[in-house]
Amino acid sequence: MSNSCEKAYITTPIYYVNDIAHIGHAYTTIIADTLARYSRLAGLETFFLTGTDEHGQKIEEAAKKRGESTQAYADKISATFKDLWDDFDISYDKFIRTTDADHMKGVQKAFSTMHANGDIYKDTYKGHYCISCETFFPEIQLVDGEFCPECGKSTSVVEEESYFFKLSAYEDKLLAWYNDTPDCILPRSKKNEVIRFVEGGLQDLSITRTSFDWGVKLPAEMNDPKHVMYVWLDALMNYVTALGYGTDDANMDYWPARVQLIGKDILRFHAIYWPAFLMSLGLPLPKHIAAHGWWTRDGEKMSKSKGNVVNPKEVADAYGLDNFRYFMLREVPFGGDGDFSQKALIDRINSDLGNDLGNLLNRVIGMSGKYFDGKVESSNVAKYYQAELDEVHASLDKLEPLLYEMQIHRYLEELWRPLTVANRAIDKYEPWNLMKNGKEEEAMALNGLISAILAKVSIMLYPVMPAVCTKIANALHFNINADSFEKIAKGTELLSPFTLTKIDPLFPRIEEPLLTQIEPADKPSKSAGDDKKKSVAKSKESNETEGVALIGIDQFFQTSLKVGTVIEAQEVPKSKKLLLLQVDVGEAEPRQIVAGIKEWYAAEDMLNTQVCVVANLKPAKLMGMISQGMLLAAKDEDGLCMIRPEKPKTAGTPIG
């Protein structure tokens, strides 16, 4: 990883300028910033791209409603994103806008190339179009024959002349790419969704519009000025136009991207359309397309209309930017949905950051000040504490693959193990007794060990918490850079003799929520099964036979039971009972289900097995994670066992 010739190109999606940034945008951008900062530390030539997507009918209509020119409206909203990322100290190398002249030239160059390659033709398109999603949908996919299956808004029938991209011609090539590149889409469960979609057959893609003007015009040689390009063709090309494609090719040696981060709602565009476009252009495909889940409030996706959007700047200003970054990356496994709450954020700050990291720094400052006038000397650390060093290095060696495999919560979990080693060493060896018994050399070596562990951890934590880790490094008198990464974090080098600098506590304890307006109003708690309990209780009043509450057949059929296939399973950190499962129940996306079965089933035992799922429960929150269903199981004095189909059944098969 420290090969200076190797390059790392990291991208976020470009954010659509229909509204200001919310916590989901911040989550994506913080992940990308973490990857970029780590790549630079590791000695890679790194290019980090973010920006805004500004064309399309939706933007044109939004500007008209506000009485503004479309360009002025796009300028205003784009600026809010850039200002927020600058406030958040996001280390991007380029902020691209699809209204940039160089970008539009690059998109026209791509259109010309694909047309010359025989992949674009002209025809007439008629279909149901959703302005909000900027997408056509076949009638069979519509809800009640009218409404968009993605956003629920009304579609309109559009018939217009259009240029088409021969997406159908790339079906086999796409399937071969998915098959030959196991980690091209992360998490792997998301790749399975994409494969199923492509195997169902691809239709050619309409890539121009004539019903509005706010977009990139076709190349001049097409001599067809009434057409503008489909917003998704325009938007996806930003990843290469930002590097100079179609203009000067100045930075095209950064392509292919190492990681392209997206939200799961735009997976199809990035995992099907985008690689097909690249194949047509003769460009390499990205190494990883990584799709994360949604942040929700009370189990619902955030939206302005629901009034449940969390403003990331308000949270960061109240609790500290680095604390906010740590919480976002540690709280939820990548790919899963997470539910935001101040309580969960406060718990992470007080426990992980305050008790484990901040307290360790306070202990070594106090210890060195009391016994050695603040001096730290490490020459005898290996003599007394080699076992502890070995344990620390074993954890640090596991970190890099976890980061690039998008298991960032596990990266942080593993990074916390050296802190446990350090705190345990102080409790075990008791420096106060070492000094009392005349073992000053051993006590100083312990001082050096704790300082070394803090240095190693702060280097590896720096990509997540750059400001906090810089403060730790300043207290320990070293610099966090590619050299210390190589020698101290990845190597076995310890700190040179120094005198500790006292600093204020990094993580003062938080007792009460700091933002009263961010939490929903108090309301009676209601579990996912309350409605069913009420119907059973009502039935029990009039239909109880031998202590059993009887229900009617109509009540029974209110419960939707389906066969599901577990496609991903992992343990929930710090939980003795919970497993986090991704379960295919025959829907467009797998269900995330948090199940209390860890005492009887290991995660690997659940993988690729079939289960029975209660599929119409209201989402519930367990340890900050959304659970979108419940598994059926039986439990007696001998333990618990899952209720399963006798023979394999297609995922989503109804039970009843």
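Are Glu-331 and Arg-348 buried or exposed? Both residues are buried (under 20% relative accessible area, against over 50% for exposed and in between for partly exposed, with a 1.4 Å probe and protein chains only). The model is predicted, so that local features need pLDDT of at least 70 and side-chain atom pairs count only at pLDDT 80 or more, whereas totals for chains, interfaces and linings use all residues. Residues are numbered from 1 along each chain as its sequence is written, and side-chain values use heavy atoms, with hydrogens and water left out.

Across the whole structure, 33 salt bridges were found, a salt bridge being a side-chain nitrogen of Lys or Arg within 4 Å of a carboxyl oxygen of Asp or Glu. One of them joins Glu-331 and Arg-348, with the closest N and O atoms 2.8 Å apart. This pair links distant parts of the chain, since Glu-331 belongs to helix α11 (residues 321–331) and Arg-348 to helix α12 (residues 342–372), 17 residues apart. Helices (H or I, at least four residues) and strands (E, at least two) are DSSP runs, numbered from the N terminus.

Arg-97 pairs with Glu-54 in a salt bridge of 2.6 Å, N to O. Glu-54 lies in the loop between β3 (45–53) and α2 (57–65) and Arg-97 in strand β4 (residues 94–97), so the contact ties together parts that are 43 residues apart in sequence. Glu-54 and Arg-97 are buried. Arg-97 also forms a salt bridge with Asp-75, at 2.5 Å between the closest N and O atoms. Because Asp-75 lies in helix α3 (residues 70–87) and Arg-97 in strand β4, parts 22 residues apart in sequence are tied together. Asp-75 is partly exposed, with a relative accessible area of 32%, while the corresponding value for the buried Arg-97 is 18%.
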